[in-house]
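Reader: I would like to go through this structure with you, beginning with the metal site. Could you set out the terms before we start?

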Amino acid sequence: MRLLLPTLFALIWSLQVSADHHKNPLEISADNLSNIVKIMASDEFEGRAPGTPGEDKTVAYLIAQLQKIGLEPGGAKGSWTQAVPMMRSEVKSPLKMTFSSPETVLSLDQGISVSVDTATALTNITAADLPVVFVGFGANAPEQDWDDYGDIDLTDKLVIYLVNDPDFAAEPNEPVAGRFGNRRMTYYGRWAYKFEEAARRGAFGALVIHETKAAGYDWSVAAAGAGENVSLANKDPKALPVKLQGWLHNDAAHELLATAGHDLDALRVKARQPEFQAFELEGIRFDADLEVDITTFDSQNVLGLIPGSARPDEVIMASAHWDAYGVGAPDEQGRTIRAGANDDALGSAGILELARVIKAQPALERSVLLAFWTAEEAGLVGSMAYAADPIFPIEKTVANFTLDILQTAGAAKDVILVGKGQSELEDDLARVAEAAGRYVTEENLPENGLFYRADHFSMARVGVPVLLMMGIAGGADLVVGGREAGNQWIADYVGNCYHKPCDAWSADWDLTGAVQDIELFHQLISELGNAKRWPAWKQGSEFKALREQSASVRQ
Ligand SMILES: [Zn+2]
């Protein structure tokens, strides 16, 4: 042994020297993560807003890194990218928008009583004398035997929704309790679902009554950027959005419903009963005449592929979003660039690191697709565009692993799970975490519906099982300082930096915890990459039935 040891040390030493930065090439490197973020979050990249010179630099940088690692292009027709046609619309202020009854007129002000925009390409949106329908939470959930709509016709009407889902505020003894995940938000609670459901039913527009607790954020957040919308251009004509969408302030909603002879607070309780049915507001009419500025541009998703050695048509995805908020108003220190260093340059760096280590290890039987999405911040646009027009068939996409914000406060004893009860990937995560001496903690505010608010959801929506790492989903149990320190990190980051210039690269970051989390994804991808099994959605998931429709393709 004594004689062998020096030889062994020499061997290890020579292996390390031959690798970059004296590191084991098969391990996620904190230094690499930091160096990548430092570049992507530098002033030169101008906050990586889609459709700006910052996008061109970001896309070129990501492609160069993927080429350096030795990946193959994973985009359309052998390219590194997928074009995402985008549209930016802005409803001009002041608004001409009213609710009226024979006796009263309630005029609506943008940013004050409403926050409305459009995802259509219309430059003029007019409504005259439209009926107004209150649909409660507007859930149509056959798996829960729940339907708020009944026979009501919403064609060319304005539809008013309550935010969140029917059991969010329910007492434990109410019949609805637990049918919609209790305080955990289900898809039915998201405004995206409500707008889509209204559109499917031919409604003119949909407004969601804002309420801070049930929405997860206050009115100032709901009203920020009122009138603006960035969305996919050239939408599927079968799935055209409502012409007008947005928030209705709680006070304005109270006034509107009182005019129609209803008490909003009483309706909130009534809408939690299974027998609740949507109804038209008697005597109320909606009128609007809005001018809209529309501009269009092309943005890019970046895609790299590691082809599988045995079953290349079976694809595992790992993804993050490359975009951030661009240039904005100066903060107290005069900084204008919202560099999104953590959100989500760090996630992108994590995907590049995953690409590097997976490429360095023996080839997996299944393919691995590394995706860098555009325009997440505008509403998951890049990932939605991929899901609508996938390069690799969705039916044979094994799983999606998404990184979006990772904590920078050091090693953690646990890993935070977002979306408990959704898919078998959560059991896989628990297993690899345990093997690494860690444990799983559920996200701390499931009522905020984080599971429906990052790019992984675009894949879930088309049936692909997903797993998300999101550093703000719950305070980690840090090795130094415990849960308290983990919660403090979130309070500082969300309170001061989230979507602001303060989200900048720092030499002081401790990326040990981020490395640990990315390493769990590395293990899950490596395992699934050589497996024949297909992770499934769990009983009760909103996405189970959709995935099962294509089960025969995966036999
Ligand atoms: Zn993000």
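Author: Donors are the N, O and S atoms within 2.8 Å of the metal, and because water is not among the atoms, a site may look incomplete. Please also note that this is a predicted model.

Reader: Understood. Which residues coordinate the zinc ion?

Author: The zinc ion is coordinated by His321 through NE2, by Asp343 through an OD atom, and by Asp404 through two entries, each an OD atom. The distances run from 1.9 to 2.7 Å.

Reader: What is the geometry of the site, given the angles among the four donor atoms?

Author: The site of the zinc ion is irregular, with angles of 52 to 149 degrees among its four donor atoms. Four donors count as tetrahedral if all angles lie between 85 and 135 degrees, so a range of 52 to 149 degrees does not qualify.

Reader: And what would the ideal value be for four tetrahedral donors?

Author: The ideal angle for four tetrahedral donors is 109.5 degrees.

Reader: How are the donor residues of the zinc ion spaced in sequence?

Author: The spacing is H-x21-D-x60-D. His321 and Asp404 link distant parts of the chain, being 83 residues apart. His321 belongs to strand E14, residues 311–321, whereas Asp404 sits in the loop between strand E18 (397–403) and strand E19 (414–417).

Reader: Are His321 and Asp404 buried or exposed?

Author: His321 and Asp404 are both buried.

Reader: Staying with strand E14, what does Arg311 touch?

Author: Arg311 is placed in strand E14. Leaving aside neighbours within four places in sequence, Arg311 is in contact with Glu365, Arg366, Ser367, Asn530, Ala531 and Lys532. The relative accessibility of Arg311 is 14%, so this residue counts as buried.

Reader: You mentioned E19. Which strand does E19 pair with, and in what sense?

Author: E19 runs parallel to strand E20, residues 439–442, and four bridges join the two. Among the bridge partners, Val415 is matched with Val440 in E20, and Leu417 with Glu442.

Reader: What connects E19 and E20 into a unit?

Author: Helix H11, residues 425–435, joins with E19 and E20 in a right-handed β-α-β unit.

Reader: Which residues lie on each face of E19?

Author: Asp414 and Ile416 are on one side, and Val415 and Leu417 are on the other. All four are buried, and both faces of E19 are therefore covered, with buried meaning under 20% relative accessible area.

Reader: Changing topic: how many disulfides does a search of the whole structure find?

Author: The search finds one disulfide. This disulfide joins Cys497 to Cys502, with an S to S distance of 1.9 Å.

Reader: Are its two cysteines buried or partly exposed?

Author: Cys497 has a relative accessible area of 12% and is buried. Cys502 is at 24% and therefore counts as partly exposed.

Reader: Now strand E12, please. How many of its residues are buried?

Author: Strand E12 covers residues 244–248, and five of its five residues are buried.

Reader: Which strands pair with E12?

Author: Strand E5, residues 114–117, pairs with E12 in the antiparallel sense over four bridges. Asp117 stands opposite Gln245 in E12. Strand E10, residues 205–209, runs parallel to E12 and is joined to it by five bridges. The bridge partner of Val208 in E12 is Trp247.

Reader: Two loop residues remain on my list. Where does Ile394 lie?

Author: Ile394 lies in the loop between helix H10 (381–388) and E18. Ile394 has a relative accessible area of 9% and is buried. Not counting neighbours within four places in sequence, Ile394 is in contact with Ala387, Met459, Val462, Val464 and Arg547. The C-alpha atoms of Ile394 and Glu314 are separated by 9.6 Å, although the two residues are 80 apart along the chain.

Reader: And where is Ala76 placed?

Author: Ala76 is in the loop between strand E1 (72–73) and strand E2 (81–91). Ala76 has a relative accessible area of 33% and is partly exposed. Beyond residues up to four places away in sequence, Ala76 touches Thr81 and Ile391. From C-alpha to C-alpha, Ala76 and Val302 are 10.0 Å apart, with their positions 226 residues apart in sequence.

Note on methods
Residues numbered from 1 in each chain as written. Predicted model: local features only at pLDDT ≥ 70, side-chain atom pairs only at ≥ 80, totals over all residues. Heavy atoms only, no water. Donors = N, O, S within 2.8 Å, 3.2 Å for Na, K, Ca; no water. Tetrahedral: all angles 85-135°; square planar, octahedral: opposite > 155°, others 65-115°. Buried < 20%, exposed > 50% of the residue type's maximum accessible area, 1.4 Å probe, protein only. Disulfide = S-S within 2.5 Å. Pairing = 2+ DSSP bridges. Right-handed = clockwise from strand over helix to strand, strands pointing away. Contact = heavy atoms within 4.5 Å.
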